[in-house]
There are 2 protein chains.
Amino acid sequence: MENLKTYIEANKQRFLDELFELIRIPSISSESQHKPDMYRAAEWWKEKLLQAGADRAEVMETAGNPVTYGEKLLDPSLPTVLVYGHMDVMPVDPVNLWHSDPFEPEIRDGKIFARGADDDKGQSFMHAKAFEYLVKNDLLKCNVKFLIEGEEEIGSPSLPAFCAANKELLKADVILVSDTSIIARDIPSITTGLRGLAYWEVEVSGPNRDLHSGLFGGAVANPINVLSKLLAGMTDAQGHITIPGFYDDVVEVSAEERALMAKAPFNESAYKSAIGVKELAGEAGFSTNERTGIRPSFDICGIWGGYTGEGAKTVLPSKAFAKVSTRLVPNQDHEKIALLFKEHLEQLAPASVQVKVTPLHGGQGYVCPIDIPAYKAAEQAYEKVYGKQPVPVRSGGSIPIISSFEDILGIKSVLMGFGLEADAIHSPNENFPLEQFFNGIETIALFYDYFGSAKS
Amino acid sequence: MENLKTYIEANKQRFLDELFELIRIPSISSESQHKPDMYRAAEWWKEKLLQAGADRAEVMETAGNPVTYGEKLLDPSLPTVLVYGHMDVMPVDPVNLWHSDPFEPEIRDGKIFARGADDDKGQSFMHAKAFEYLVKNDLLKCNVKFLIEGEEEIGSPSLPAFCAANKELLKADVILVSDTSIIARDIPSITTGLRGLAYWEVEVSGPNRDLHSGLFGGAVANPINVLSKLLAGMTDAQGHITIPGFYDDVVEVSAEERALMAKAPFNESAYKSAIGVKELAGEAGFSTNERTGIRPSFDICGIWGGYTGEGAKTVLPSKAFAKVSTRLVPNQDHEKIALLFKEHLEQLAPASVQVKVTPLHGGQGYVCPIDIPAYKAAEQAYEKVYGKQPVPVRSGGSIPIISSFEDILGIKSVLMGFGLEADAIHSPNENFPLEQFFNGIETIALFYDYFGSAKS
């Protein structure tokens with residue numbers, strides 16, 4: 001693959017011209033007037049995959065927006081890579097904060113400015129171009145499949161059913177995704193974990209109507225007082241979650257991976273000043289990155305009850321409510337956690353009130369082991385391009401479709417992202433450095449080389 | 001006073017006719033279109049006091065609605081009684097639930113049905129008629145002053161300043177008020193205590209914006225989590241308030257008064273079923289009536305923060321708020337308590353958040369000693385009419401003007417109420433039993449006799 005860099009160099013302008021065609025299609029999935037644009041984007045992807053060297057490509061219907069599927073199958077004995085990306089983008093409001101038209105890409109300061117420049121048009125298109133290089137130079141050592149969807153920014157509502165209906169078509173050894181970031185230009189990283197989520201609404205009911213807090217206060221349980229006590233009791237002074245059995249399925253992260261994670265640079269005072277807090281707070285015994293990456297958390301996302309208007313109104317309210325979430329780490333099952341939470345809350349609730357727990361949302365966490373061949377191949381590829389071993393990063397957030405891929409298709413994903421925190425995805429003036437775009441193409445091409453060699 | 005009963009019997013119809021004139025004036029103080037009715041009611045009271053035997057009566061302006069002042073001063077050496085009552089009433093909505101016109105009194109089942117029948121037109125007018133009896137029969141042994149205001153139902157905003165500006169005019173040995181209830185027709189009682197109040201808004205501020213609960217959850221203090229813990233910690237498992245120094249000024253109620261209070265009938269299962277709770281809850285070591293009557297309480301009147309809409313939205317909110325009140329017992333100073341609360345909360349708050357406490361309302365508690373001559377006279381009067389010693393009752397509520405009278409004028413109030421719980425004050429179909437109306441006139445007249453004799 002000695003001609004990889006020269007191939008990229010020679011084709012830079014064409015790669016950008018092609019990407020800009022895609023960017024100019026305003027494929028905003030949350031706005032129904034852009035439905036025709038979703039089909040335009042899907043057809044565009046079909047053409048581009050065929051041009052890049054796919055043997056087959058087609059636009060396939062789902063319950064929502066179409067997906068583009070493409071493939072080049074060399075030999076059943078070779079490993080198969082399924083590339084996942086999305087062609088849809090976020091809305092552009094507030095549009096007046098953009099310095100250039102969000103759908104007319106412009107290069108300034110070595111960056112492409114446009115909606116979708118990074119997320120995920122720029123990042124997904126790198127795969128098409130790495131694939132093109134490998135095919136045109138007869139260097140492809142894997143079977144390759146592409147699945148580019150059009151509903152990621154609205155939570156991929158149709159994709160799980162599409163996957164379930166197309167298991168054979170999507171069969172692969174690994175899913176390769178470029179939809180995340182690296183820590184910094186000079187600090188490559190690979191997102192190896194995503195947290196799961198369990199989310200409930202809690203309702204505490206006391207008296208059958210709002211009572212006079214003078215006549216009844218002190219003799220009748222106040223639902224807000226009770227709710228505060230119940231929720232306060234869910235964590236202890238060390239930041240541990242006190243729900244019995246909550247940590248039973250938490251897999252301790254290996255010392256090796258913690259040591260690698262600790263290499264991620266972290267400037268505590270910059271972190272604090274960015275969010276405007278004087279002190280951080282969390283579970284004792286873990287660093288900030290570990291608290292969000294490899295440990296579960298308990299957050300009250302909303303609370304309400306009683307009088308919330310201006311001034312003073314005395315009332316002993318009939319009811320109080322909260323929205324409560326836990327972020328879960330891989331191997332914790334959100335349905336089991338929901339059960340434990342409900343049982344614990346009901347057991348703690350005094351007989352003076354009624355407690356109701358309603359599950360509102362749940363999703364499993366995801367982890368990519370750092371010792372599987374695909375991860376090792378990705379690691380080698382980054383190291384070759386960036387000159388440094390990439391840091392495995394556990395992200396505190398959740399990308400539900402990644403867990404769904406594992407659940408439905410039984411395939412692990414490797415998240416080879418090339419975004420930077422400064423790319424302003426989902427915000428005005430989204431951008432993607434040209435350097436990252438071309439480095440990405442190179443890194444991905446190298447991945448196939450290492451992965452094909454390792455497996456063959 | 002052997003002709004008291006016959007005088008009342010002989011004048012029953014006239015007493016009612018006169019009261020009905022007052023009731024027909026729709027003097028709703030919270031509705032500005034009724035401002036002219038406030039003046040009509042004040043003029044009516046002036047006329048009625050003069051007819052009843054006052055030497056002087058006048059309508060006096062305040063910063064808000066007018067008051068009617070009247071007096072009959074016999075001799076500076078005699079004790080002086082200041083009668084306080086109010087001519088304004090609550091609104092009548094929902095008017096469709098009334099079985100008769102709220103401002104056209106109707107007698108059904110031995111009760112007067114109308115807005116103000118009890119609160120406080122019926123109850124205050126009993127004083128005019130008791131006074132009339134005593135004057136017409138030359139039996140008055142006290143100087144008498146009347147102060148009838150027009151803003152009680154909106155919190156008496158103008159009366160404290162009026163009192164401060166008219167201290168000499170309002171000088172008296174005791175203030176007599178009929179604006180409360182007795183326990184039951186056959187269980188007379190006198191309200192001897194009212195709780196004070198301190199009310200604050202608490203604001204907990206964390207990060208400078210709402211954060212992604214996945215990316216930050218577990219590493220950054222969540223203001224709702226913190227607020228729940230702070231508020232939960234304000235009471236312990238025994239229902240005691242944990243603010244240091246909170247109980248320092250609480251005067252223990254004498255065993256004698258507690259024994260008397262315990263005579264008040266209390267049906268726990270009826271109480272629970274009326275408000276729809278399975279169990280009561282409160283401070284260990286005290287009965288329900290003591291918990292609301294002679295002990296302070298801590299109630300969260302309102303709480304809000306984060307996402308409170310439908311469904312699940314994950315957020316680690318920037319701020320959380322609560323409205324918090326304590327009901328205080330006599331001798332606790334609401335300003336001192338506010339300071340203790342603020343200090344305690346600020347001391348408990350972790351460095352990861354900012355806490356702000358804003359006092360919104362405060363009022364002192366009130367207690368009427370059961371051994372002062374006016375209380376003894378009231379007790380004797382009830383016993384004579386009802387055949388039973390009245391039970392001293394500590395009400396959990398607050399009537400701020402009663403505390404203001406003590407603060408500004410330095411005069412104790414005796415709360416000789418004759419309402420019943422079934423009178424539906426503030427609600428549709430407010431009513432007042434004729435029996436209570438006439439018994440009230442009789443009891444009040446007897447009060448003057450006992451009080452005048454005791455002091456002279």
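In the predicted model, chain B can be superposed on chain A with an RMSD of 0.4 Å by a turn of 180° combined with a shift of 0.4 Å along the axis. The two chains are therefore related by a two-fold axis. The same surface serves both copies, since 100% of the contact residues of chain B recur in chain A.

The contact between the chains takes 67 residues from chain B and 67 residues from chain A. On the side of chain B that touches chain A, the elements giving two or more residues are strand 9 (196–205), helix 5 (213–216), helix 6 (223–232), helix 9 (288–293), strand 10 (297–306), strand 11 (319–328) and strand 12 (354–363) of chain B. Of these, strand 10 of chain B provides the largest share, nine residues. Classified by residue type, this side of chain B has 28 nonpolar, 28 polar and 11 charged residues. Strand 10 of chain B also pairs across the interface: strand 10 (residues 297–306) of chain A and strand 10 of chain B are antiparallel and are joined over five bridges. Within this pairing, I303(B) is the bridge partner of G305(A).

Within chain B, helix 1 (residues 4–23) and helix 3 (residues 121–136) have axes that come within 10 Å and cross at roughly 135°. Helix 1 of chain B is therefore oblique to helix 3 of chain B. The crossing of these two helices is right-handed. On the side of helix 1 of chain B, the contact is made by L4(B), Y7(B), F15(B), L19(B), L22(B) and I23(B); helix 3 of chain B contributes K121(B), G122(B), F125(B), K129(B) and Y133(B). By class, the contact of the two helices has eight nonpolar, one polar and two charged residues.

Chain B further contains a hairpin, in which strand 1 of chain B is joined to strand 2 of chain B through six residues. Strand 1 (residues 56–60) and strand 2 (residues 67–72) of chain B run antiparallel and are connected by five bridges. In this arrangement, A57(B) of chain B is placed opposite G70(B) in strand 2 of chain B.

In chain A, an open sheet of three strands has the order 4-5-16, with antiparallel pairing. Its edge strands are strand 4 (106–108) and strand 16 (431–433) of chain A, each of which pairs on one side only. On average, neighbouring strands of this sheet are turned by 30° against each other, direction ignored. Strand 5 (residues 111–113) of chain A pairs with strand 16 of chain A in the antiparallel sense over three bridges, and F113(A) stands opposite N431(A) in strand 16 of chain A.

Several backbone features lie in loops. Most residues other than glycine have a negative phi, and most peptide bonds are trans. In chain A, however, a cis peptide bond with omega of about 0° joins D119(A) and D120(A). D120(A) is found in the loop between strand 5 and helix 3 (121–136) of chain A. In chain B, D93(B) and P94(B) are likewise joined by a cis peptide bond, with omega of about -5°; P94(B) lies in the loop between strand 3 (80–86) and strand 4 (106–108) of chain B. D138(A), although not a glycine, has a positive phi of about 60°. The position of D138(A) is in the loop between helix 3 and strand 6 (143–149) of chain A.

Conventions
Residues are numbered from 1 along each chain as its sequence is written. Chains are lettered from A and ligands numbered from 1 in the order in which they are written. This is a predicted model: local features need pLDDT of at least 70, side-chain atom pairs count only at pLDDT 80 or more; totals for chains, interfaces and linings use all residues. Axes are lines fitted to C-alpha atoms, for helices over the stretch in contact, and angles run from 0 to 180 degrees between N-to-C directions. Helices (H or I, at least four residues) and strands (E, at least two) are DSSP runs, numbered from the N terminus. Angles under 35 degrees count as roughly parallel, over 145 as roughly antiparallel, 65 to 115 as roughly perpendicular and the rest as oblique. A crossing is left-handed if the near helix is turned anticlockwise from the far one by less than a right angle, and right-handed if clockwise. Two residues are in contact if their C-beta atoms, placed from the backbone, lie within 7 Å. Ala, Val, Leu, Ile, Met, Phe, Trp, Tyr, Cys and Pro count as nonpolar, Asp, Glu, Lys and Arg as charged, and the others, Gly among them, as polar. Two strands pair if DSSP finds at least two bridges between them. Copies are superposed by least squares on the C-alpha atoms of residues with pLDDT of at least 70 in both.
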